[in-house]
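The exercises below go through a structural model step by step. Each one sets a task and then gives a worked solution that can be followed on the coordinates.

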Amino acid sequence: MPMSYQMIEQIKFAPVTPTQKLVLLALADCHNIKTGRCNPSNRFLEAVTGLSIRSITASIQALCNANIVTKTPFIGGKNSYFFTSQTYPNPCRVS
């Protein structure tokens, strides 16, 4: 399943910690362009990021609190994640 490059462009300059950015990129790797949904399991996120479930959960909570992603329950005990429509400007570009 290819990563949504459109989603990477939208989130790559999000003002988050490095750990949160790693989780955010792992979520983007699961982004479905047609539905806008990401449905990774905690096991998948743990394998991809190398982080503990506790770190992943804390990062996702912080991303939800920052209104970067939203989380809803999904079939089978998983969660669905949706990216908000925020975009973040490139801080390296000179206006």
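## Exercise 1: the sheet

The model is a predicted one, and its open sheet of three strands has the order 1-3-2, with antiparallel pairing.

**Task.** Determine which strands are the edge strands, and find the bridge partners of Lys71 and Thr72 in strand 3.

**Solution.**

Step 1. Strand 1 (37–38) and strand 2 (69–73) are the edge strands, since each of them pairs on one side only.

Step 2. Strand 2 and strand 3 (residues 79–83) run antiparallel and are joined by five bridges. Following the register, Lys71 has Tyr81 of strand 3 as its bridge partner, while Thr72 has Ser80 of strand 3.

Step 3. The hairpin of strand 2 and strand 3 has five residues between the strands, and in this hairpin Gly76 takes a positive phi near 80°.

## Exercise 2: helices on the sheet

**Task.** State which strands helix 2 (residues 18–29) touches and which strands helix 4 touches, and give the direction of each helix relative to a strand.

**Solution.**

Step 1. Strand 3 is joined to strand 2 by five bridges. Helix 2 packs on the sheet and touches strand 1, strand 2 and strand 3, with a direction that makes about 100° with that of strand 3.

Step 2. Helix 4 also packs on the sheet, where it touches strand 2 and strand 3, and its direction makes about 115° with that of strand 2.

## Exercise 3: helix against helix

**Task.** Classify the packing of helix 2 with helix 4 and of helix 3 with helix 4, and list the residues that make each contact.

**Solution.**

Step 1. Two packed helices are described by the angle between their axes and by the distance between those axes.

Step 2. Helix 2 and helix 4 pack at an angle of about 90°, and their axes are 9 Å apart. Because angles of 65 to 115 degrees count as roughly perpendicular, helix 2 is roughly perpendicular to helix 4. From helix 2, Thr19, Gln20, Val23 and Leu24 make the contact, and from helix 4 Ile56, Ser59, Ile60, Ala62 and Leu63 do so.

Step 3. For helix 3 (residues 42–49) and helix 4, the packing angle is about 105° and the axes are 10 Å apart. Helix 3 and helix 4 are therefore roughly perpendicular to each other as well. Here Asn42, Leu45, Glu46 and Thr49 of helix 3 meet Ile53, Ile56 and Ile60 of helix 4.

## Exercise 4: two helix residues and one loop residue

**Task.** Decide whether Ser59, Ala26 and Asn67 are buried, partly exposed or exposed, and describe the surroundings of Ser59 and Ala26.

**Solution.**

Step 1. Ser59 lies in helix 4 (residues 53–65). Its relative accessibility is 5%, and since buried means under 20%, Ser59 counts as buried. Leaving aside neighbours within four places in sequence, Ser59 is in contact with Thr19, Gln20 and Val23.

Step 2. Ala26 is found in helix 2 and, at 4% relative accessibility, counts as buried. Not counting residues up to four places away in sequence, Ala26 touches Phe44, Leu45, Val48 and Thr49. The C-alpha atoms of Ala26 and Leu45 are separated by 6.6 Å, although the two residues are 19 residues apart along the chain.

Step 3. Asn67 is found in the loop between helix 4 and strand 2. With a relative accessible area of 43%, Asn67 is partly exposed. Its phi is near 60°, a positive value in a residue other than glycine.

## Exercise 5: cysteines and charges

**Task.** Explain why the count of disulfides comes to zero for Cys38 and Cys64, and identify the side chains that meet in a salt bridge.

**Solution.**

Step 1. The cut-off for a disulfide is a pair of cysteine sulfur atoms within 2.5 Å.

Step 2. For Cys38, the closest cysteine sulfur belongs to Cys30 and is 6.4 Å away, which is too far for a bond. Cys38 is buried, at 0% relative accessibility.

Step 3. For Cys64, the closest cysteine sulfur is that of Cys38, at 11 Å, again too far for a bond. Cys64 is partly exposed, with a relative accessible area of 22%. The count accordingly comes to zero disulfides.

Step 4. The count of salt bridges comes to one. The side chains of Glu9 and Lys12 meet in it at 3.0 Å, N to O, and Lys12 is partly exposed, with a relative accessible area of 31%.

Key: Residues are numbered from 1 along each chain as its sequence is written. This is a predicted model: local features need pLDDT of at least 70, side-chain atom pairs count only at pLDDT 80 or more; totals for chains, interfaces and linings use all residues. Side-chain values use heavy atoms; hydrogens and water are left out. Buried means under 20% relative accessible area, exposed over 50%, partly exposed in between (1.4 Å probe, protein chains only). Helices (H or I, at least four residues) and strands (E, at least two) are DSSP runs, numbered from the N terminus. Contact means heavy atoms within 4.5 Å. A salt bridge is a side-chain nitrogen of Lys or Arg within 4 Å of a carboxyl oxygen of Asp or Glu. Two strands pair if DSSP finds at least two bridges between them. Axes are lines fitted to C-alpha atoms, for helices over the stretch in contact, and angles run from 0 to 180 degrees between N-to-C directions. Angles under 35 degrees count as roughly parallel, over 145 as roughly antiparallel, 65 to 115 as roughly perpendicular and the rest as oblique.
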